[in-house]
Each structure stands twice: as C-alpha cells, then as structure tokens.
Amino acid sequence: MEIKEYFLGLLAIITGLAISDMVVSVHALLRRFGRTRWDWLPMAAASLVFVVIVRSWWIAWYTDWTNTPLWQFLLILIQLICMFLAAKAVLPDEGEALDLDMMEHYRSSNRYVWSALIGMILAFAAAAILNRLGSAERMVAWFFEWGWELPIYCVPLILLIAVQRMILHRVIVPTLLIAWLVLNGGSIMQ
C-alpha cells in the first residue's frame with residue numbers, strides 16, 4: 001500500500017464517522033417528526049457541514065500525500081477532527097428530550113459548530129502555507145487556487161459566532177451554503 005492509501009483510509013474513517021453521526025441524528029429527528037418543532041435554519045447549517053465534509057473528501061483524493069511531514073499530517077488530522085466536531089454538534093442527538101425545538105438546539109450549539117469550521121479552515125490554511133514557506137511562487141499559486149476563498153468563508157463564520165441575531169443567521173447560513181456549492185461544485189468530480 002502507498003502512503004496515500006493509508007491516509008485516505010484514516011480520512012475515510014473520520015469522515016465516515018462524521019457523516020454517520022449526522023445520518024443517525026436525521027434518523028432520530030424523523031422518528032420523532034411530530035414531536036419536533038422544525039425550522040429550516042438548523043437544517044441549512046447541517047447541509048453546510050455535510051457539504052464541507054464531502055468536499056474535504058474530494059480534496060484529499062487529488063492531493064499527493066507522498067513525503068508528507070508529520071507536522072502537516074497532524075494539521076490535517078486537526079482539520080478532520082474539527083469537521084467531525086462540527087458534524088457531531090450541528091444536529092441534536094437521539095438521547096436528548098422527547099420534544100425538541102430545532103431552533104433551541106441551534107441557538108445552544110451554533111457557536112461551537114461555527115468555531116469548529118473556522119478551526120478546520122485555519123488548520124487547512126496552516127498546513128498549506130507551512131508546506132510552501134520556502135517558495136514564494138508556490139505560495140502565490142496556492143493563494144490564487146485556494147487561499148483567496150478563506151476570507152469568504154471565515155468572515156461570515158466569525159459574524160455568526162459574534163452576532164447571535166437569528167435574522168443575520170438566516171441570511172448568512174444559506175449564503176455560505178450556496179457559496180460553498182458554487183465555489184467548490186464545479187470541480188468536485190475532476
């Protein structure tokens with residue numbers, strides 16, 4: 001086996017656990033459909049987290065992991081753990097109260113979810129930047145390929161953490177979901 005196969009195996013386990021947790025949470029919500037007070041905002045947030053997880057899987061497939069130093073591998077693991085934490089928190093678990101208000105859950109967990117996504121993005125950026133420190137040309141190429149998107153994602157996430165006015169969340173969360181799909185959707189199957 002090549003190093004890429006070992007790495008992708010670990011990536012598959014962590015992303016699989018994240019997606020599995022989200023599917024189990026959706027299952028529990030559907031089982032108590034009539035006892036759940038639904039709102040589209042938490043489901044949009046869950047969709048965003050799901051898209052981020054799936055996109056990270058595709059990024060890993062076309063990355064060359066040969067000669068990856070331990071520090072970069074650890075930063076990638078931090079990125080994966082942050083994604084898992086966001087997935088774990090974005091939807092309520094089955095063991096929570098029988099009657100559930102989705103907005104109450106969103107209000108209690110959204111800062112955690114958005115912080116985890118920022119952690120994921122920063123770990124990704126740190127690994128990319130540290131890997132290119134010796135080459136200004138590679139740094140500029142990375143910035144124009146990936147780096148320019150970081151403020152598009154991080155600034156709204158910081159706003160979501162700082163401002164707990166749900167009207168703002170109802171604008172930013174679907175906008176982020178659309179941005180993530182538009183900016184990443186065209187190249188996902190290349």
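In this predicted model, helix H4 passes helix H6 in a left-handed crossing. The axes of H4 and H6 come within 9 Å and cross at roughly 155°, and because angles over 145 degrees count as roughly antiparallel, H4 is roughly antiparallel to H6.

Helix H6 itself covers residues 150-162, 13 residues in total, and reaches 18 Å from its first C-alpha to its last, which is close to the 18 Å expected at 1.5 Å a residue. Its buried residues are Leu 150, Tyr 153, Cys 154, Pro 156, Leu 157 and Leu 160. In reading such a list, it helps to recall that an α-helix has 3.6 residues a turn, so residues three or four places apart point the same way. With that in mind, the reader may follow Leu 150, Tyr 153, Cys 154 and Leu 157, which are among the buried residues of H6. Leu 159 is also found in helix H6, but with a relative accessibility of 38% it counts as partly exposed, because that class lies between the 20% cut-off for buried and the 50% cut-off for exposed. The C-alpha atom of Leu 159 is separated by 9.5 Å from the C-alpha atom of Trp 114, although the two residues are 45 residues apart along the chain.

Helix H4, which runs over residues 102-131, also packs with helix H3, residues 70-90. Two packed helices are described by the angle between their axes and the distance between the axes. For H3 and H4 the angle is about 165° and the axes are 8 Å apart, and these two helices are therefore roughly antiparallel to each other. The crossing in which H3 passes H4 is left-handed. As for the chemical character of this contact between H3 and H4, its residues divide into 19 nonpolar and 6 polar, with no charged residues.

Around these packed helices, the chain as a whole has 7 helices and 2 strands, arranged along the sequence in the pattern α-β-α-α-β-α-α-α-α. Of the 190 residues in the chain, buried residues make up 44%.

The stretch that follows the first helix brings in residues that lie far along the sequence from their partner in space. Arg 32 has its place in the loop between helix H1 (3-31) and strand E1 (36-37), and at 4% relative accessibility this arginine counts as buried, because the cut-off for that class is under 20%. Measured as a separation from C-alpha to C-alpha in the model, Arg 32 and Asp 99 are 8.0 Å apart in space while being 67 residues apart in sequence. Thr 36 has its place in strand E1 and is likewise buried, with a relative accessible area of 8%. Thr 36 and Asp 99 are 5.7 Å apart from C-alpha to C-alpha, and 63 residues apart in sequence.

Aromatic rings offer a last view of this region. Where ring centres lying within 6.5 Å are taken as pairs, the count comes to 4 aromatic pairs. In one of them, the rings of Phe 33 and Trp 38 have their centres 5.3 Å apart and their planes at 40°, so the pair is tilted. Trp 38 counts as partly exposed, at 30% relative accessibility.

Definitions and conventions:
Residues numbered from 1 in each chain as written. Predicted model: local features only at pLDDT ≥ 70, side-chain atom pairs only at ≥ 80, totals over all residues. Heavy atoms only, no water. Helix = DSSP H or I, 4+ residues; strand = E, 2+ residues; numbered from the N terminus. Expected span 1.5 Å × (residues − 1). Buried < 20%, exposed > 50% of the residue type's maximum accessible area, 1.4 Å probe, protein only. Axes fitted to C-alpha atoms, helices over the stretch in contact; angles between N-to-C directions. Parallel < 35°, antiparallel > 145°, perpendicular 65-115°, else oblique. Left-handed = near helix turned anticlockwise from the far one by under 90°. Nonpolar A, V, L, I, M, F, W, Y, C, P; charged D, E, K, R; others polar. Phe/Tyr/Trp six-rings, centres within 6.5 Å; stacked < 30°, edge-to-face > 60°.
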